[in-house]
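Thanks for making time this morning. I will put the model on the screen and go through a few side-chain details.

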Amino acid sequence: MLYALLGYTKEDMETSKKIEPYIRVLGCNTKGQSLLSEMYKANKKLPIITSVKGFTTTCRNKKLLMMLEKDIQATNIYTLGYEYDSFSNLDYTTKMITY
């Protein structure tokens, strides 16, 4: 049912199995920042997304952007359940949480 809500097709599922994954960082502390740095050094091809807006303007991989759009769509649907102040496109307006 979730696939239908998000509009996933069989082609989308096949594409998701073939593309390089990305790491979507929603928040981290100093230890997490250190870990992210180590992960980047170990595999510089692995996209680490800390800013959706920044990533979408620089990424040239159409399949990766399509998968990220599904992720953004899922966030938009999730926020519909907020009791107060349901906003769309929070992925573009909310900064990564650091503590």
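Start with the charge and the ring: the charged end of Lys 70 sits over the ring of Tyr 8. The distance to the ring centre is 5.3 Å. Keep in mind that this is a predicted model.

Next, the aromatic rings. How many aromatic pairs does the structure hold? The count is 1. The partners are Tyr 78 and Tyr 82, with ring centres 5.9 Å apart. Why is the pair called edge-to-face? The planes stand at 85 degrees, and the label applies to angles over 60, so this pair is edge-to-face. As a general point, a pair of aromatic rings is described by the distance of the centres and the angle of the planes.

As for accessibility in that pair, Tyr 78 has a relative accessibility of 59% and counts as exposed. Tyr 82 has a relative accessible area of 35%, which makes it partly exposed.

The last residue is Thr 15, which belongs to helix H2, residues 10–18. Is Thr 15 buried or exposed? Its relative accessible area is 18%, and the cut-off for buried is under 20%, so Thr 15 is buried.

Which residues does Thr 15 touch, leaving aside those up to four places away in sequence? They are Lys 63 and Met 66. Within the helix range, a polar atom of the Thr 15 side chain lies 2.8 Å from the backbone oxygen of Glu 11. For a longer distance, take Ala 4: it is 11 residues from Thr 15 along the chain, and the two C-alpha atoms are separated by 17 Å.

Terms used: Residues numbered from 1 in each chain as written. Predicted model: local features only at pLDDT ≥ 70, side-chain atom pairs only at ≥ 80, totals over all residues. Heavy atoms only, no water. Phe/Tyr/Trp six-rings, centres within 6.5 Å; stacked < 30°, edge-to-face > 60°. Buried < 20%, exposed > 50% of the residue type's maximum accessible area, 1.4 Å probe, protein only. Lys NZ or Arg CZ within 6 Å of the ring centre and 35° of its normal. Helix = DSSP H or I, 4+ residues; strand = E, 2+ residues; numbered from the N terminus. Contact = heavy atoms within 4.5 Å. Polar contact = N/O pair within 3.5 Å; in protein donor to acceptor, adjacent residues only side chain to side chain.
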